[in-house]
Amino acid sequence: MDIVYNCDDGYVKYTAVSICSLYENNKNVKELRVHILGNNISENSKAKLSGLAEGYERKISFYDLCGFEELVKELAGGYVNAGKFTITALARLFAVRLLPSDIGRILYLDCDTLVLSELSGLWETELSGKVAAMAAEPTIYPEVKERLGLKVSDPYFNAGMILIDTELWAKEKILENAMDFYKENNGSLPFSDQDLINFALKDRIKIVSQTYNFITNYYYQSFRYLTKNVSWYANCMTKSEWKLAYKAPKIVHFAGDERPWIKGSFNPYKKEFMHYKSLTPWKDEPLVEGRGLYMLLYHVMNLMTRLCPGIRKLISGFYYKKFISDGEKNK
């Protein structure tokens with residue numbers, strides 16, 4: 001099992017928590033190799049991560065993204081704009097190129113994930129000729145899909161977990177197609193590499209259960225509301241699958257602002273995060289301070305979502321227009 005992360009030194013401590021949860025819940029997996037695409041990860045951080053792996057009789061391989069921005073510029077005609085994300089986020093598109101060529105399948109995980117179960121079932125997923133397997137993102141803004149040329153009925157996927165057939169990825173030139181589209185858009189898209197992946201992999205993704213990428217905001221969402229307002233999502237998940245994902249997610253994804261490493265966060269999986277954090281070399285790292293009021297307001301919004309989900313839709317629409325759409329126009 002080859003697991004891939006990408007991060008910089010600022011997020012390496014959260015990557016360590018994810019890796020620890022992966023190791024803890026996959027002790028029966030005989031061969032489990034972690035690969036980190038790293039941007040300016042310090043030698044001290046590498047040593048800590050390696051020590052963590054050795055404690056589980058595992059090994060971590062590091063791939064320094066030295067010159068990565070220049071490589072992106074070369075393929076994108078000089079345009080590099082990761083928006084509200086770091087340039088490191090684009091590295092997942094290059095994973096197949098950067099890793100050893102004899103690796104036939106990789107499982108990419110965002111560094112802000114927690115693995116709460118053994119992943120053999122996901123790893124052994126039959127791709128049925130598809131290039132990758134991903135879980136849907138029903139809360140994506142319709143404007144984003146429209147910009148990517150996706151129809152209303154087409155699904156959109158979250159890139160926090162991607163199971164990839166590396167041979168097909170290379171054969172179908174997914175990276176090259178993605179970067180051509182990046183170039184056409186002057187290196188600027190609302191959700192950067194995630195949009196590129198959805199564009200380049202259109203019709204080439206196998207849908208897997210939300211349990212393998214359960215974004216913590218979904219804890220407050222209603223399956224009934226989602227399928228009523230997002231018609232295509234009913235083709236991605238059944239109600240029973242949603243209930244199982246809600247009750248016992250296998251991979252939790254901290255994609256919303258309610259991050260468990262922020263002091264005052266009400267994240268429903270904060271207890272689990274703190275448990276795995278206590279098993280890492282960063283166990284004494286203090287929580288991020290100074291955002292207590294925002295965390296409280298964000299949690300109020302989450303609670304209101306349960307009572308009146310339409311309110312969140314209005315807030316999200318305002319956020320998209322003010323911070324994403326307008327921001328794209330001004331670049």
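The following exchange goes through some terms used for this predicted model.

Me: What makes Asn 26 buried?
Reply: Its relative accessibility is 0%. Buried means under 20%, so Asn 26 counts as buried.

Me: Where is Asn 26, and which residues does Asn 26 touch?
Reply: Asn 26 is in the loop between α1 and β2. Leaving aside residues up to four places away in sequence, Asn 26 touches Leu 32, Arg 58, Val 115, Ser 117, Glu 118, Leu 119 and Ser 120. The side chain of Asn 26 has a polar atom 3.5 Å from the backbone oxygen of Ser 117.

Me: Why are helix α1 and helix α2 called roughly parallel?
Reply: Helix α1 (residues 12-24) and helix α2 (residues 43-55) pack at an angle of about 10 degrees, and their axes are 10 Å apart. Angles under 35 degrees count as roughly parallel, so α1 is roughly parallel to α2.

Me: Which residues of α1 and α2 meet, and how many of them are nonpolar?
Reply: From α1 come Val 12, Ala 16, Ile 19, Cys 20 and Tyr 23, and from α2 come Ser 45, Leu 49, Leu 52 and Ala 53. Eight of the residues in this contact are nonpolar, one is polar and none is charged. Ser is not on the list of nonpolar or charged residues, so Ser 45 is the polar one.

Me: How do you know whether α1 is roughly parallel or antiparallel to β1?
Reply: Helix α1 lies across β1, β2 (33-39) and β3, and runs at about 165 degrees to β1. Angles over 145 degrees count as roughly antiparallel, so α1 and β1 are roughly antiparallel.

Me: What does the angle between α2 and β3 make of that pair?
Reply: Helix α2 lies across β2 and β3, at about 155 degrees to β3. This angle is over 145 degrees, so α2 and β3 also count as roughly antiparallel.

Me: What makes β3 and β8 edge strands?
Reply: They belong to an open sheet of seven strands in the order β3-β2-β1-β4-β7-β6-β8, with mixed pairing. Strands β3 (60-64) and β8 (205-207) each pair on one side only. Neighbouring strands of this sheet are turned by 25 degrees against each other on average, direction ignored.

Me: How do you know that β1 and β4 are paired?
Reply: Two bridges join strand β1 (residues 2-8) to β4, and the two run parallel. Pairing needs at least two bridges, so β1 and β4 count as paired. Ile 3 has Leu 107 as its bridge partner in β4.

Me: Which bridges join β4 to β7, and how do these strands run?
Reply: Five bridges join β4 to strand β7 (residues 161-165), and the strands run antiparallel. Ile 164 in β7 is the bridge partner of Ile 106.

Me: Why is strand β4 called mostly covered?
Reply: Four of the five residues of β4 (residues 105-109) are buried. Buried means under 20% relative accessible area, so each of those four falls under that cut-off.

Me: What makes β9 and β10 a pair?
Reply: Two bridges join β9 to strand β10 (residues 251-253), in the parallel sense. At least two bridges are required, so β9 and β10 count as paired. Phe 214 stands opposite Val 252 in β10. These strands belong to an open sheet of three, in the order β5-β10-β9.

Definitions and conventions. Residues are numbered from 1 along each chain as its sequence is written. This is a predicted model: local features need pLDDT of at least 70, side-chain atom pairs count only at pLDDT 80 or more; totals for chains, interfaces and linings use all residues. Side-chain values use heavy atoms; hydrogens and water are left out. Buried means under 20% relative accessible area, exposed over 50%, partly exposed in between (1.4 Å probe, protein chains only). Axes are lines fitted to C-alpha atoms, for helices over the stretch in contact, and angles run from 0 to 180 degrees between N-to-C directions. Angles under 35 degrees count as roughly parallel, over 145 as roughly antiparallel, 65 to 115 as roughly perpendicular and the rest as oblique. Contact means heavy atoms within 4.5 Å. A polar contact is a pair of N or O atoms within 3.5 Å; within protein, one must be able to donate a hydrogen and the other to accept it, and residues adjacent in sequence count only if both atoms are side-chain atoms.
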